[in-house]
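This briefing covers one protein chain and its ligand. The overall fold comes first, then one helix, then the ligand site.

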Amino acid sequence: MNARLPLDQIRQDTPGVDHVLHFNNAGAALPPRVVLSTVVEHLEREATVGGYEAAAEAAERLEAVYGSLARLIAAEPHEMAVVENATRAWDMAVYGYPFSEGDRVLTSRAEYASNVIALLQLQKRHGIETVLIEDDEHGQIDLENLEAELARGAAMVALTHAPTNGGLINPVEEVGALCKHYGVFYVLDACQSAGQAPIDVGRIGCDVLSGTGRKYLRGPRGTGFLYAGPRALELIEPPFLDLHAATWTTDTTYEIRSGARRFENWEANYAGKLGLGAAVDYALELGVDATCERLCELADSLRQALGGLEGVSVHDKGQVRGGIVTFTVDGMDSADVKAQLSAQHINTTTSPAGHARLDLGRRGLDSLVRASVHYYNTSDEVARFAAAVDRLKGSRNETAP
Ligand SMILES: *Cc1c(COP(=O)(O)O)cnc(C)c1O
């Protein structure tokens, strides 16, 4: 295990670890104390001096959130927008893209449900065509198939870095190199990878990247962010504007704001925004390289432990795997596994096929149990978890007719 991380301090910083064995970090991770106190203190200031006045007091810290987010993904502060969640961030860019009829959007089997639904709506609205790039033998996006489709012509590649329903980490830099070669606009959903894996938008070569606060970044719920690079800022008008995204210049004219904040709206959750900044600063202080290494080791050991249990199957794909571990227990519903673990204060969730139709549907999987680990989890928790899953099977066998 990674010796560079101060694990005792990290556990002390995380009040939730005393109450739950939390393997639902891909749903919403337990926040560190500093995130909690940042949010609560700002809400208290709002109640004490007034909401606008509290924001004015915190102006510098609010501004610094853009710098922190930019550092996290090696971007510039003016390329960052803070929005409600990753879905809305992605939507603002993709719904704003100037599509023409017949434009081809290339996507993969790992694509997030909300993104696919949006592309289906855009298909109806603008006559775009969504082209599914097949997986390679490792279960990640097939680069040869991608290149062949890029060569036929495409307007956009929309890719998910790490899907919601498995350990796969897609080869985003290789995809970026191909997009660059063919001059194709590249939208990356980094919702599960932000805070989990190191991200450098320059190396990846994406034009747009979306992320959320509550997952691997350990920030507050209802926070997300958008990166819009130079090409995105040149090409994309937000699908809707308000007096924050644009200036009303004369009775009949307006001017869209320069920079990525055109994708924000005026009213926002200021406490959440400060909490998001605190979460990013905490991640940067520990170092995402080091935390990624540790959480990947924990996830690998969990896959091994579960894979060694009779009647348990691990379903993660990909050559490179992250913190999300998915499995099924023979003869048991995933919802039932989740419920029985939950009764023992063990948090997981389920990934139903409806959230990942292009992937789980094809593999004939109705639903998986998702156990997602973070760097603050421990080897002891991994062992306790595997033992609890093993006991579930025991109880099932005893009650079987
Ligand atoms: C959770 C998730 C999203 C959506 O994020 P929100 O913040 O809930 O909008 C998008 N993509 C992936 C891969 C996700 O796992």
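In this predicted model, 70% of the chain's contacts with a separation of 6 or more join residues that are 24 or more positions apart. The chain holds 15 helices and 15 strands. Of its 401 residues, 55% count as buried.

**Overall dimensions and surface**

- The radius of gyration of the chain is 22 Å, which agrees with the value near 21 Å that a compact globule of 401 residues would have.
- The C-alpha trace spans about 75 × 60 × 40 Å along its principal axes.
- About 17,400 Å² of the chain is exposed, and carbon and sulfur atoms supply 49% of that area.

**Helix α5**

- Helix α5 covers residues 86-94, and seven of its nine residues are buried, so the helix is largely enclosed by the rest of the structure.
- With buried meaning under 20% relative accessible area, the residues of α5 that qualify are Ala86, Ala89, Trp90, Asp91, Met92, Ala93 and Val94.
- The cover over these buried residues includes the strands β2 (80-83), β5 (156-160), β6 (185-189), β7 (208-212) and β8 (224-228).
- Helix α6 (113-126) is also among the elements that cover the buried residues of α5.
- At the N-terminal end of α5, Asn85 acts as a cap, with a side-chain oxygen 3.1 Å from the backbone nitrogen of Thr87.

**Ligand site**

- The ligand is surrounded by 13 residues, of which Thr87, Asp189, Thr212, Arg214 and Lys215 are the closest.
- Thr87 therefore appears in two places: its backbone nitrogen takes part in the cap of α5, and the residue is one of those closest to the ligand, while α5 itself spans residues 86-94.
- By class, the shell around the ligand consists of four nonpolar, six polar and three charged residues.
- Asp189 has a side-chain N or O atom 2.6 Å from a nitrogen atom of the ligand.
- Arg214 places a polar side-chain atom 2.8 Å from an oxygen atom of the ligand.
- Gln192 has a side-chain N or O atom 2.9 Å from an oxygen atom of the ligand.
- The ligand taken alone exposes 390 Å², and the protein buries 94% of that area.

Note on methods: Residues are numbered from 1 along each chain as its sequence is written. This is a predicted model: local features need pLDDT of at least 70, side-chain atom pairs count only at pLDDT 80 or more; totals for chains, interfaces and linings use all residues. Side-chain values use heavy atoms; hydrogens and water are left out. A residue is near a molecule or strand if one of its heavy atoms lies within 4 Å of it. A polar contact is a pair of N or O atoms within 3.5 Å; within protein, one must be able to donate a hydrogen and the other to accept it, and residues adjacent in sequence count only if both atoms are side-chain atoms. Accessible areas come from the Shrake-Rupley method with a 1.4 Å probe; for residues, only the protein chains shown count as cover. Ala, Val, Leu, Ile, Met, Phe, Trp, Tyr, Cys and Pro count as nonpolar, Asp, Glu, Lys and Arg as charged, and the others, Gly among them, as polar. Helices (H or I, at least four residues) and strands (E, at least two) are DSSP runs, numbered from the N terminus. The radius of gyration is taken over C-alpha atoms; the globule rule is 2.2 Å times the number of residues to the power 0.38. Buried means under 20% relative accessible area, exposed over 50%, partly exposed in between (1.4 Å probe, protein chains only). Contact means heavy atoms within 4.5 Å.
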